[in-house]
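Q: I have a model open and want to learn how to read it. Can we go feature by feature?

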Amino acid sequence: MTTPQEPPPPAASAAPPIVTRGLTKRFRGGQVAVDTVDLEVPAGSVFGFLGPNGSGKTTTIRMLLGLIAPTSGSVELLGESMPKAQLKVLPRVGALVEGPAFYPFWSGQANLLRFDAADRTADPRTRKARAAEALERVGLSNAAGKKVRAYSLGMRQRLAIAVALMQRRDLLVLDEPTNGLDPQGTREVRNLIRELASDGTTVFTSTHLLAEVEQVCTHAAVMSRGKLVRQSTVADLRAELRPRLVVRTPDLAQAAETLKGLGATDLKTTEETVEGDSGDLPIDKFAAALVAADVRIHGFGLERPSLEEAFVALTGEGFDVAE
Amino acid sequence: MSLSSTVDGGRRLTAGRHTLGLFRSELRLVFGRARTQAGLGVLAAVPLLIGIAIKLSGSDGDAEGFLGQVAGNGLFLIVASLGLSLPFFLPTAVTVISGESLAGEASLGTLRTMLTAPAGRSRLLAAKMVALAVFCLAATMTIWISGLIVGFILFPVGDVLLLSGTTVSLGEGLLRALLIAIVISLSLLGLAGIGLFVSSLTSTPLAAMAATFGAFIVLGIMTAIPQLHAIHPWLLIYRWQSFADLLRDPPYWHEIARNLLVQGAYLVVFYTAAWARLTSRDIT
Amino acid sequence: MGVTQRSRRWLVPVTAVAVVAGVGALGPVVADASPKLPGITAQDLLAKVQTAKVDGLSGTVRSSANLGLPSIPGVEGGNQLSELLSGQHTARVAFATPDKARVSVLDNQAERVWTTDGKSAWAYDSSRREAVKLTLPARSAKPDKPQAAPKNYDPQAVAKQFLDAIDPTTKVEVSGTEKVAGRDAYKLRLVPKTDRTTVGSVTLAIDSKTWVPLDVTVMPRTGNDPAVELGFSSVSFDVPAASTFTFTPPKGVKVTDKKVPATRQAPHPVKPPKAVGPKGEKAPAQRGDKPTVLGEGWESVVMVRGVKTTGNGPVDQLLANARTVQGSWGKGKILTSKMVSALITDDGRVFAGLVTPDTLQAAAAKAPR
């Protein structure tokens, strides 16, 4: 049923670069790795794909790129159905899937040349120049002639990103792009992502580092046990988190008692703080009560929780922090 | 064509032209590896070792068959080396390279990158097969060239005595030896097809090589069991020795054609099986 | 792409297997479809065969024998007779009137050649690189084939005579047509009327244009595989070039000159295995005395006396597994196969024939000691 009031369909360029409908992958053992995931990545976004290890992120990414076939559901990449249109679509997509993989007996440059040669739309005349440029962008120009066998994990990670940068892409799909990088390298990659995004490239990046999402992403989705539990803009995600009242004090028990007496909920006590949900009550009431109860106050205020806490709230589990 | 029109067309215009890039890259991958070069080196050493052994033993044609003719005519070093490499060295080389082809990429993880490049699964498989076929030819041509050089250095060379008792010029003899090298390389295609298929099943190149070589051994044993004569004509290596029919006057093509048909049948069956496997496989 | 859709891809290799198997199994059948030829009686066909005359032919003959003989361990190779009695062989043959012939047996990576241009004959063995030369005596200009035929002969009469002669023992019929070596041929089938022989039938394929026999197939009484098949796989009735029959001993080949036997046996173009002549056949077992033929027709049994059957390892081994039988003739071991039966008596006689074991024992009972 169509109604005349419906807005006109969005222009092709504005179509979401990634759309999945009911995407499901059941492995042969019967284990459901990805369970009816409906993902929609807006054009021009930097989309953080979050989830603990084993939550189905990498399986989802493999299905996005046509490496594995969904058990059911569909994937649309840049408006085309995958994996049917993969030869048409994938040249416009830069991808880094699950760790860097190279021919160790070849130089970094030779590896780039081979992967580029595999793409029949890539122009062989500019191949070497593009490889040099991509190596430059990831800071590997000096190691271009070195065998990949001799690369550090960080260098391989950069080289993998260089593969994605060999051509101008409309979409980058990066699986844990900062994995194995030192802080300096991590910063560089984040800057690179921002730079690419500002050119209009949509970046879809999976990570287990919330800091990464907070710093570079405009949107985020959270996976847990194969299910997509949340997707929205990062700003919305943050806004939904209720601020928490935090009291820094040596008199922990007394402070907790006081807060509880005024109706604060979800109280948690650490070594030097007591924190809780202040509810609808203005916080000056709490301050007054604490003073009245002779609680020594070293610090007092509302704190906005980190995404990590939001994440824990959503998935019910913490990150296995690799670093 | 003006520059602007080239730029105008962008990628689409030149899309078809770059299909060969993958095939060239595949050849570089196969022939650029130290492993391949070492294998070809071993094959090149076969005529050298045979030649030196015959020279040192000083035997003057006592041996039956092509080996016995080497001392009299260096050209037969090519034929004898090809014939002696056929039962073991050549199949081993083909087994290693074909077992490596897809399983090697899968174990390195580069298969993922190649497919997202995108190479296209069918196209990647075709490139792998073409590279294997080129390797088969390179392997026999290595023996041909090495046999030519060593044979001409160590032994007298002249008109060539055919099996039928007639004699042809040296030039025609070389041409026939070249045909033998080509026929033998085509004889290896069935095995290459099996290797490619086995390689598509696993991510462990060594397992693929072992399984392919195992299949080769089993086929060899089956060929040696007389009770199985009913199925012998269908076996991969049953007519491998028919290359010698090129040294009859005139060449006898019947068995060679049968051999090539069998190779073609194996190739078609195992190539399509590898295709079905690769195009339906989850690449992890 | 769903999982079922993906598994459908396996239909492609499965189809490939089916096509390959189909072409392999049915291809020859389709190619050998019976050609349409006008009907002919056996007598007319036999008469035509006698008038057959070609000035020359060349082609490839393939023979396969599967007599069901037990393979004697340790006696593989080195014996041309036993080798020719089993397995498959291919020979190139050429023939030109009056006296030129060439047969080359295509062995594995070797070739044995017998050729004659009427003046000299050569035998060449490529694996040993040895050639034997026979210089033939000057002979009259008369060609030998017509010479063999009686002056006033009527093919029809001869055919009738032949049919009458074999009628009591054998049914002769034209049993259809077939393609042999790409030529249309009539099939003439001879079926023994007795059931005491192991021979089921003998079929000749006779070319419908030149009336030359192109193929002979012997079927055993039991089973569907021919016991012996010998025939052209390709044939041309063009007269081969004279150079086909000459032989120039190549450099490096040892040449032996030999005396000419008084009655020359030119290799017959159609039956190369019989033409193995110059090499001489060593019998597989020790020689006994001259063989005697007992009985007649399909039931013929050959008897050899004074054969030493012990002291030969492989033969002992073979006999050890054989069935022991006895009768009025004495006691012995009997060996049977699909086609051939042999009875070795303890007193050193050997009976053999294309007959059933019972027939063999019956023959032994009547045989002189």
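Q: How many contacts beyond four places in sequence does the model have for residues 319–323 of chain A, where pLDDT stays under 50?

A: This is a predicted model. Where pLDDT is low, predicted coordinates should not be read in detail. Residues 319–323 of chain A have 14 such contacts, with pLDDT under 50 throughout. Residues 1–12 of chain A also stay under 50, but there the model has zero contacts beyond four places in sequence.

Q: What is the mean pLDDT of chain A, and which of its elements have the lowest and highest means?

A: The mean for chain A is 82, and 90% of its residues reach 70 or more. Helix H11 (residues 307–315) of chain A has the lowest mean among the chain's elements, at 68. Helix H3 (residues 108–118) of chain A has the highest, at 93.

Q: How much area is buried between chain A and chain B?

A: Interface size is often given as the accessible area lost when the parts come together. Here about 3,100 Å² is buried between chains A and B, and carbon and sulfur atoms give 56% of that. In chain A, A:Leu67, A:Arg114 and A:Arg120 lose the most area to chain B, together 22% of what that side buries. The contact takes 37 residues from chain A and 33 from chain B.

Q: Which side chains meet A:Arg114 in salt bridges?

A: Side chains of opposite charge can pair when their charged atoms come close. B:Glu105 pairs with A:Arg114, with the closest N and O atoms 2.7 Å apart. That pair crosses from helix H6 (residues 89–108) of chain B to helix H3 of chain A. Both residues are buried. B:Glu26 also forms a salt bridge with A:Arg114, at 3.0 Å from N to O. A:Arg114, B:Glu26, B:Glu105 and B:Lys128 are linked in a salt-bridge network. Chains A and B share four salt bridges.

Q: Are C:Glu130 and C:Lys254 buried, partly exposed or exposed?

A: C:Glu130 is partly exposed because its relative accessible area is 31%. C:Lys254 counts as exposed because its relative accessibility is 52%. The two form a salt bridge, with the closest N and O atoms 3.7 Å apart. This pair links strand E6 (residues 130–135) and strand E12 (residues 254–258) of chain C, the two residues being 124 apart in the chain.

Q: Which residues make the nonpolar surface patch of about 410 Å²?

A: B:Leu137, B:Leu179, B:Ile182, B:Leu186 and B:Trp253 make that patch. Helix H9 (residues 170–187) of chain B gives the most, with three residues. B:Trp253 sits in the loop between helices H11 (205–224) and H12 (254–280) of chain B. B:Trp253 counts as partly exposed because its relative accessibility is 46%.

Note on methods
Residues are numbered from 1 along each chain as its sequence is written. Chains are lettered from A and ligands numbered from 1 in the order in which they are written. This is a predicted model: local features need pLDDT of at least 70, side-chain atom pairs count only at pLDDT 80 or more; totals for chains, interfaces and linings use all residues. Side-chain values use heavy atoms; hydrogens and water are left out. Patches are made of residues with over 30% relative accessible area and no salt bridge: like charges are joined within 9 Å, nonpolar side chains (Val, Leu, Ile, Met, Phe, Trp, Tyr) within 5 Å. Accessible areas come from the Shrake-Rupley method with a 1.4 Å probe; for residues, only the protein chains shown count as cover. Helices (H or I, at least four residues) and strands (E, at least two) are DSSP runs, numbered from the N terminus. Buried means under 20% relative accessible area, exposed over 50%, partly exposed in between (1.4 Å probe, protein chains only). pLDDT is the predictor's confidence in each residue, from 0 to 100. Contact means heavy atoms within 4.5 Å. Buried area is the accessible area (1.4 Å probe) that two parts lose on being put together, summed over both.
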